[in-house]
Amino acid sequence: PQVPQVPAAPDPDLPMAASEIDGAIEIGAPAYNAGQIKMCAEVYAQVASRLLAGRSAELRPGVVTALQGALAKSPAVLRAAGESDGRGSDVDALAWAFRQAFDEQLRGGPPPAAAAAPWGGGRSG
């Protein structure tokens, strides 16, 4: 299946990075829960790359480090992953690495220098 494109900053009421993360989760979590773990990881990688390229100042330092680490692994893991790779696979670990970084950003809110309210969400996929 083709990887859906996440629109840049889909929710104007959230800080830009949080909005992009929210958009990624809206697409990635249902894909993960439907067993399309590789697609979930690809969506998360797409948004992580965009965040690091254009929104890194909004991200907490630990989130930047986590996203950089996951992105460094993603080409090899995604290349090796099959569409049917399931939970417990390398692509599953990659999807969760991205998701945990996203959740950390949403839980912690923006860095202290940013003037936006924190936002958090539930955890699925």
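Trainee: Is A45 buried or exposed in this model?
Mentor: In this predicted model, A45 is found in helix α2. The cut-off for a buried residue is under 20% relative accessible area, and because A45 has a relative accessibility of 10%, A45 counts as buried.

Trainee: Which residues does A45 touch, not counting residues up to four places away in sequence?
Mentor: One distant part of the chain comes in through P75, which lies 30 residues from A45 in sequence and 9.4 Å from A45 in space, C-alpha to C-alpha. With residues up to four places away in sequence left out, the residues that A45 touches are L71, S74 and F98.

Trainee: How many of the 18 residues of α2 are buried?
Mentor: The span of α2 agrees with expectation, because 18 residues at 1.5 Å a residue should span 26 Å and the end C-alpha atoms are 26 Å apart. The helix is also largely enclosed by the rest of the structure, and the count of buried residues in α2 behind that statement is 13 of the 18.

Trainee: Which helix gives the most to the largest nonpolar core?
Mentor: The largest nonpolar core has 35 residues, and those with the most contacts inside it include Y44, L51, L67 and F102. Each of α1, α2, α3 and α4 supplies at least two residues of this core. The helix that gives the most, with 11 residues, is α2.

Trainee: Where does α3 bend, and by about how much?
Mentor: Taken end to end, α3 (residues 61-80) agrees with the expected span, because its 20 residues should span 28 Å at 1.5 Å a residue and its end C-alpha atoms are 29 Å apart. Within the helix there is nevertheless a bend, with a proline, P75, following within four residues. The bend in α3 is at S74, and its angle is about 45°.

Trainee: Which helices do the buried residues of α3 pack against?
Mentor: The buried residues in α3 are V63, V64, L67, A70, S74, V77 and L78. An α-helix has 3.6 residues a turn, so residues three or four places apart point the same way. The packing partners of the buried residues of α3 are α2 (37-54) and α4 (90-108).

Trainee: What is the angle of the kink in α1, and on which residue is the kink centred?
Mentor: α1 has 18 residues and reaches 26 Å from its first C-alpha to its last, close to the 26 Å expected at 1.5 Å a residue. The helix is largely enclosed by the rest of the structure, because 13 of its 18 residues are buried. After α1 comes G35, whose phi is positive, near 90°. The kink in α1 has an angle of about 25° and is centred on I25.

Trainee: At what angle do the axes of α1 and α4 cross?
Mentor: The two helices are in contact through A18, I21, A24, I25, A29 and Y32 in α1, which meet residues of α4 including W96, R99 and F102. The passage of α1 by α4 is a left-handed crossing. The axes come within 11 Å, and they cross at roughly 145°.

Trainee: What separates the C-alpha atoms of R99 and A24 in space?
Mentor: R99 is found in helix α4, and R99 counts as buried because its relative accessibility is 1%. Along the chain R99 and A24 are 75 residues apart, whereas the separation of their C-alpha atoms is 9.3 Å.

Trainee: What is the relative accessible area of A93?
Mentor: A93 is found in helix α4, and the C-alpha atoms of A93 and I37, 56 residues apart in sequence, are 9.7 Å apart in space. A93 is described as partly exposed because its relative accessible area is 47%.

Trainee: What share of the 125 residues in the chain do buried residues make up?
Mentor: The chain has four helices and zero strands, so that, from the N terminus on, its elements run α-α-α-α. Among contacts in the chain with a separation of 6 or more, residues 24 or more positions apart account for 65%. The share of buried residues in the chain is 46%.

Terms used: Residues numbered from 1 in each chain as written. Predicted model: local features only at pLDDT ≥ 70, side-chain atom pairs only at ≥ 80, totals over all residues. Heavy atoms only, no water. Expected span 1.5 Å × (residues − 1). Bend = angle between axes of the 7 residues up to and from the residue. Buried < 20%, exposed > 50% of the residue type's maximum accessible area, 1.4 Å probe, protein only. Contact = heavy atoms within 4.5 Å. Core = buried A, V, L, I, M, F, W, Y, C linked by side-chain atoms within 4.5 Å. Axes fitted to C-alpha atoms, helices over the stretch in contact; angles between N-to-C directions. Left-handed = near helix turned anticlockwise from the far one by under 90°.
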